[in-house]
Structures are given as C-alpha cells and as structure tokens.
Amino acid sequence: MEAVPDTPDDAIALALAGNRRFVEGQSTVYHQDMDLLHAQTADHQHPFVAILACADSRVPVGLVLDEHIGRVFVTRIAGNTASTEVIASLEYAVAILGVKAIIVMGHTNCGAIKAAIRNDEVPGQISALFAGILPAISLAGGDDADPGEVTRQHVLNQVGVLTHASTVIDSRVKDGSLKVVPALYDVASGVVALLPERAPRAG
Ligand SMILES: [Zn+2]
C-alpha cells in the first residue's frame, strides 16, 4: 500500500523521494499503474500533494516524481502562473481532496518565461500568458533580466499569490495543515529542488 504522509513536511519529502528514484533510474510506478487503474482509482482519488507546473512537454510531473495514478494532483499552464482557474483547481485539491502540500514547480529553460521577457508580437492569445510573469521580470531586472532569475522570482511570486489570493489555502497554511513551497525542475538533470522561500511580508 502506498505511503500516506501525516504532515506537510512529510508530503514534500515523499514527493522529493520519488524524484530521487526517477533521477537514479529506480522508478517504481510503471508496473503498478494498470493494476491501480482497475482496482483503486476509477471512483476516487487520494492525492497527497498538488503541483503547479508548466505545460512544457519536458515536465511530466507524475513521471519525474515517480508517483502513480491518483497520487499527485497536477495543474499545468505554460509559465506555471497561478491564474484564477489554477487557484480554483488547487483550492479543490486542498479543500476537497485534502492534499497536504502544494509545490509550485518552475523549470529551467522555460519558453514562456523567455517569451515574456522578449515580449515579442505573438499570434492569437499567447500574450495572455505574459501578464502574470511581468512582476517577476521587474524583480529580476527588467528587459535584460536573466531567464533563470525570472523563473526563480516567478515561482516565489506564485507561492505568494496562492496564499494571498486564496482564503482556502491561506487558512490551511496558517493552521499548519498545508505548506506551499517553491521548487525548480531541471530539464537537463531531472532533479526537482526546493528553492529558498521568501520571507513573509509583514501584515
Ligand atoms: Zn515552461
């Protein structure tokens, strides 16, 4: 039976332990998933962690955390921005499904971040993705900002947005039943690393 973490810290540690198995070529989930699909997850889900990640094809979240069907609640959007719909989805994961941690997972070499920095003319509605990234670009130095630094600032900003924009998330962070943490996925090494958190704002 799969592990059920008791605390937010346990949930984060469990997710990162799966990433270590993935990086070391010791993934375990493949053989279990079809059995789980038939036996356990058709009618219900019990994810222990939620992830806000980029839509980038190199960020297959369940795979890189070596977690199987029903264990990881994933919202993905190019640029991993906490839009209104993303916040609503994560609130569902927290309030209804009871996840104990939300990991905001930016990644290296993110095309959405680079495009937002360039701010070129783009077709259709693609530029809608840029607005949420602009505060991080400002924090990282404006038009000449390093994409890696923008990515880091953007992840930290989204951790702040999730707590400030959501009473559901904020109340559980305050009572200690939920943690929201920033992380970076390295598309070259496969490693998910937690980022140092920003000090909370006064008030
Ligand atoms: Zn990306």
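Modeller: Two strands count as paired if DSSP finds at least two bridges between them, and it is in this sense that I shall speak of strands and their partners in this predicted model.

Colleague: How many helices and how many strands does the chain have?

Modeller: Reading from the N terminus, the elements follow one another as α-α-β-α-β-α-β-α-α-α-α-β-β. Taken by type, these elements of the chain come to eight helices and five strands.

Colleague: What radius of gyration does the chain have, beside that of a compact globule?

Modeller: Along the principal axes, the C-alpha atoms fill a box of roughly 50 × 40 × 30 Å. For 203 residues a compact globule would have a radius of gyration near 17 Å, and the chain agrees with that expectation, because its own value is 17 Å.

Colleague: In what order do the strands of the open sheet lie?

Modeller: The sheet is open, it holds five strands and its pairing is mixed. From one strand to the next the twist averages 30°. Read across the sheet, the order is β2-β1-β3-β4-β5.

Colleague: Which strands stand at the edges of the sheet?

Modeller: A strand at an edge has a single partner strand, so one side of it is left without a neighbour in the sheet. That description fits two strands, namely β2 (72-76) and β5 (192-194).

Colleague: Which residue of β4 stands opposite Ile102?

Modeller: Strand β3, which spans residues 101-107, runs parallel to β4, residues 179-185, and seven bridges join the two. Within this pair, Gly106 has Leu184 as its bridge partner in β4. For Ile102, the residue standing opposite in β4 is Val180.

Colleague: Do β4 and β5 run parallel or antiparallel?

Modeller: The two strands form a hairpin with six residues between them, and in its turn Gly190 has a positive phi of about 85°. One of the bridge partnerships links Ala183 to Leu194 in β5. Three bridges in total join β4 to β5, and their direction is antiparallel.

Colleague: Turning to the helices, at what angle do α4 and α8 cross?

Modeller: Helix α4 covers residues 84-95 and helix α8 residues 167-174, and their axes come within 9 Å of each other. The handedness of this crossing is left-handed. As for the angle, the axes cross at roughly 40°.

Colleague: How is α4 then described relative to α8, and how do the residues of their contact divide?

Modeller: Angles from 65 to 115 degrees count as roughly perpendicular and those under 35 as roughly parallel, so the crossing of α4 with α8 makes the first helix oblique to the second. On the α4 side, Leu90, Glu91, Val94 and Ala95 meet Val168, Ile169 and Arg172 of α8. By character, the residues of this contact divide into five nonpolar, no polar and two charged.

Colleague: Is α5 oblique or roughly perpendicular to α7?

Modeller: The axes of α5 (residues 111-118) and α7 (residues 147-165) come within 10 Å and cross at roughly 105°. The contact is made by Ile113, Lys114 and Ile117 of α5 together with Pro147, Val150, Thr151 and His154 of α7, and these residues divide into four nonpolar, two polar and one charged. Because angles of 65 to 115 degrees fall in that class, the relation of α5 to α7 is roughly perpendicular.

How values were computed:
Residues are numbered from 1 along each chain as its sequence is written. This is a predicted model: local features need pLDDT of at least 70, side-chain atom pairs count only at pLDDT 80 or more; totals for chains, interfaces and linings use all residues. Helices (H or I, at least four residues) and strands (E, at least two) are DSSP runs, numbered from the N terminus. Axes are lines fitted to C-alpha atoms, for helices over the stretch in contact, and angles run from 0 to 180 degrees between N-to-C directions. Angles under 35 degrees count as roughly parallel, over 145 as roughly antiparallel, 65 to 115 as roughly perpendicular and the rest as oblique. A crossing is left-handed if the near helix is turned anticlockwise from the far one by less than a right angle, and right-handed if clockwise. Two residues are in contact if their C-beta atoms, placed from the backbone, lie within 7 Å. Ala, Val, Leu, Ile, Met, Phe, Trp, Tyr, Cys and Pro count as nonpolar, Asp, Glu, Lys and Arg as charged, and the others, Gly among them, as polar. The radius of gyration is taken over C-alpha atoms; the globule rule is 2.2 Å times the number of residues to the power 0.38.
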